[in-house]
Amino acid sequence: MEMTKEEFKKELQQRLKEKYAMDINDASSQELYNVLGSVVKAYYSDAWSNTWKDYLEDGQKQAYYFSIEFLPGKMLKSNLLNMGILETVEAGLADLGVSLDELAQVEQDMALGNGGLGRLASCFMDSIASCGLPGNGNGIRYDYGLFKQRFVDGYQVELPDEWLRNGNTWEVRKESKAVDVLFGGNVYLAEDTDGQLRPVYEGARRLRAVPYDTAVLGYQNHLVNTLRLWSVEIPESEEDHYRSIEDRRAFEDLTAVLYPDDSNERGRQTRLWQEYFFVSAGVQSIIRYYLRLNKPLDVLNEYVAIHINDTHPALCIPEMMRILMDEHGMSWEKAFNVTVKVMSYTNHTIMAEALEKWPVALMKENLPRMYQIIEELDRRFVNELTICYPENPELIQRTRIIQNEQVHMAHLAIICSHSTNGVAKLHSDLLKEVVLHDFYQLFPERFNNKTNGIAQRRWLQLANPKLSKVLDQTIGTTWRKTPGDLKLLQNYVEDQTVLDQLAEAKKSNKQRLASYIEETTGITVSPEAIFDVQIKRLHAYKRQLLNLLHILKLYFDLKDDPKKVQESRLFIFGAKAAPSYTYAKSIIKAINEVANLINNDPDINGRIKVVFLENYNVHLAELIIPAADVSEQISLASKEASGTSNMKLMLNGAITLATLDGANVEIRDAVGDDNVVIFGMTEREVYQYYERQDYVAKDYYDQSPVLQRILNAFVDGTIPNIYFEGREIFDSLLKHNDEYFVLRDFDAYVKAQEKIDGLYRDQHHWQQMSLMNIANAGRFSADDTMMRYAEEIWHIEPVEQYSKKKG
Ligand code: RUG
């Protein structure tokens, strides 16, 4: 994949002529972007097909990462970076009078995910390829990605995300690889001509799953894996089955929209269909590919690993059983044995409401064969446990797959796979000790931790070229391939020149963000202020409300004493709320109204500003994160499984202000107590409250005039235009006893914020802390995380190593 600047320019101009019969000067940005995309694609196409062929010829074991969400963001620059031609292309375009940055803006963010879960899947895809690992993604090609968020009078309004409107340069439709997926109808077992019992389907709906493949380029290693996303179509042979256009539409819409909910999934038929659709299509295509290897199916696990990312793809298990038994005549025992060895599962939450369950009736009606297999899996599990633990029927009741007329997807995933992992040490411990304790006792060897990681190339090299340059000049360039080498930066903690350069890079990123804020919101902000950032989905447990209460405290303090010594602060929020989550939407409205109040109050004179940026997405994250001074990670301890914005912000030199939750604990361990600010209850204290049931939020209000003034502001008109929302928030804290202990942690949070203020005042020391954060962020590289999945769960090896062994 090599190319000189002149070759690139020639190729671009040639293709522009071929496609649009135009010269550079006449082409629109969209046209240029399309052509640039096709040039880039042509450059990696050989490597893509070679990777595929090599895997096949070598009989290489491959991992398949099944996820209902992928959130890759824009791909142009990351593809160029990974191909090693970012600078060549940038310079070539500049020669032609075109800015790469401007062209990159034309690309629509591929937002086929809600937040952390989907973004993690995409970071993993990048790292799998960059580590030379044979691994592919499998998901859904939604016609509409996560909704576009607009604020109208401070309220969140959701608009459709028509990301495919101008086509998608990166995907390749693979009609010949389509498979059929069956839904509904009746299934019964009947003897076939060979005497075997086989399922007979009556009245089932047959839909076609068509794959769209996207290349996933490894970082400068000539390896190109595949992200396969499935789209629904109606097979020609089935067209007569549709009585009306509306009837047909309902099926065609199966892959139309992403469910805009990241943790509280309501039981919906379409969602269940989506889950089965991409799982069935994916497993079928894996088996079809495997059969080309001419190996027996009972050693499938030596060639294939399937990863179930959260429970949404857990139907992989019965679907694999179905294919092995119904289509290939394997016995139940053998099929189960292989399936367990092939499958592994990651849990991403301990929140009970987010642990998926499907009503038996719904599953039976829509996926009758799946249900039959699940029922048998459950029956056999119960039988086995009854033999092993005859004295413990409660254990059986608690762990079985089908309970109270519901299918528990996490139970299915744990019982029928060989590995269950959490996504940060604390989270994995909680799974073992509390949430999945029964399963841990049954299958201790299956439980493990794999702390999340981030694609450091995107979040540092691409998002923060200024900092990257300082790093190159200071510690050389090896960190670009080996993020652990960022550690070398620690040697410069006393070097004022380096500290100044880091400060300069941060300032320039803050200026860039300040310009964006001014352009998009009209609010003028000073790059001198502390940029205090909370970017994540809006959810009560993440406690954006705690942040808001503190902002109000600062506001009232300054109103009372305009001379109060306090660093200027810019509070930046980015968050989408699920459209049906009214409480989260009320918090958005409240933040926006507080922002209006404070930003326009002449007494405050700009010393505090609050900006809620619309439509938080991957691209915006790339702009905000490099500019952040403070990283707000303030969820109630035990609730955030890991978090990943915490890692991205740390890597970009922000100081973490955090509770000991999720991966914050490991961030603290990595940088040491002196380089983070920790506050609030520990997860143990939270559990103690749950046990004693003695939290009384109102006591905190009654005893604190400060809290009284702040909370009253929500209902007494101090914060304007939030009559209903203010009451809802006020009541959630006092009448409904503050589910996420916001009031309990408030004082500690205020003190922690005061500490931040003091630390920032000493700029030299602040820069040292910032440096230590960058230097110690290497361990959160998704490359390392993926190597651990590869070695300990999937048992796959980097291709290089594999070839060496063969040689
Ligand atoms: O809430 C979690 C985050 O803590 C975590 O970092 C991320 C990736 O592991 O997954 C998020 N998550 C959890 N998204 N959806 C769920 C529940 O299904």
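This passage looks at the two domains of a predicted model, a pocket between them, and four residues picked out along the chain.

The domain assignment splits out two parts of the protein: domain 1, made of 59–74 + 109–349, and domain 2, made of 456–681 + 741–780. Measuring from C-alpha centre to C-alpha centre, domain 1 and domain 2 sit 36 Å apart. Their contact draws on 33 residues from domain 1 and 30 residues from domain 2.

Next comes the second largest pocket, which holds about 500 Å³ of space. Its lining counts 26 residues, and those closest to the centre are Ser-130, Cys-131, Gly-132, Asn-221 and Glu-800. Where does this pocket lie relative to domain 1 and domain 2? Both domains give residues to the lining, so the pocket lies between them. Helices also turn up in the lining: α2 (29–58), α31 (782–794) and α32 (799–806) each put in at least two residues. With 6 residues, α2 provides the largest share. As for chemistry, the lining of the second largest pocket is a mix of 9 nonpolar, 9 polar and 8 charged residues.

Helix α2 is also home to Tyr-33. Is Tyr-33 buried or exposed? Its relative accessibility is just 5%, and since buried means under 20%, Tyr-33 counts as buried. Setting aside neighbours within four places in sequence, the residues in contact with Tyr-33 are Leu-76, Leu-103, Val-106, Glu-107, Thr-169 and Trp-170. Two of these contacts can be described further. Leu-103 is 70 residues away from Tyr-33 in sequence, yet their C-alpha atoms are 5.8 Å apart in space. With Glu-107, Tyr-33 makes a polar contact from side chain to side chain, at 3.5 Å.

Asn-421 belongs to strand β18, which covers residues 420–422. At 0% relative accessibility, Asn-421 counts as buried. What does Asn-421 touch, not counting residues up to four places away in sequence? The list is His-307, Tyr-345, Thr-346, Asn-347, Leu-431, Asn-448, Lys-450, Tyr-789 and Ile-793.

The other two residues sit in loops. His-328 is found in the loop between α9 (316–327) and α10 (332–342). With a relative accessible area of 35%, His-328 is partly exposed. Apart from neighbours within four places in sequence, His-328 is in contact with Ile-287, Leu-291, Leu-297 and Ile-323. One of these, Leu-297, is 31 residues from His-328 along the chain, and the two C-alpha atoms are separated by 8.5 Å.

Gln-490, for its part, has its place in the loop between α18 (465–475) and α19 (496–521). Its relative accessibility is 27%, so Gln-490 counts as partly exposed. Leaving out residues up to four places away in sequence, Gln-490 touches Leu-771, Met-772, Ala-775 and Asn-776. Which of these residues is joined to Gln-490 by a polar contact between side chains? That partner is Asn-776, at 2.9 Å. Ser-122 gives another reference point: 368 residues separate Ser-122 from Gln-490 along the chain, and their C-alpha atoms are 30 Å apart.

How values were computed: Residues are numbered from 1 along each chain as its sequence is written. This is a predicted model: local features need pLDDT of at least 70, side-chain atom pairs count only at pLDDT 80 or more; totals for chains, interfaces and linings use all residues. Side-chain values use heavy atoms; hydrogens and water are left out. On a 1 Å grid over the protein atoms alone, a cavity is a set of points where a 1.4 Å probe fits but cannot get out, and a pocket is an open set with protein on both sides within 12 Å along at least five of seven lines; lining residues have an atom within 4 Å of a point. Grid points are joined across faces, edges and corners, and a volume is the space filled by probe spheres set on the points. Helices (H or I, at least four residues) and strands (E, at least two) are DSSP runs, numbered from the N terminus. Ala, Val, Leu, Ile, Met, Phe, Trp, Tyr, Cys and Pro count as nonpolar, Asp, Glu, Lys and Arg as charged, and the others, Gly among them, as polar. Domain bounds come from an automatic or database domain assignment. Buried means under 20% relative accessible area, exposed over 50%, partly exposed in between (1.4 Å probe, protein chains only). Contact means heavy atoms within 4.5 Å. A polar contact is a pair of N or O atoms within 3.5 Å; within protein, one must be able to donate a hydrogen and the other to accept it, and residues adjacent in sequence count only if both atoms are side-chain atoms.
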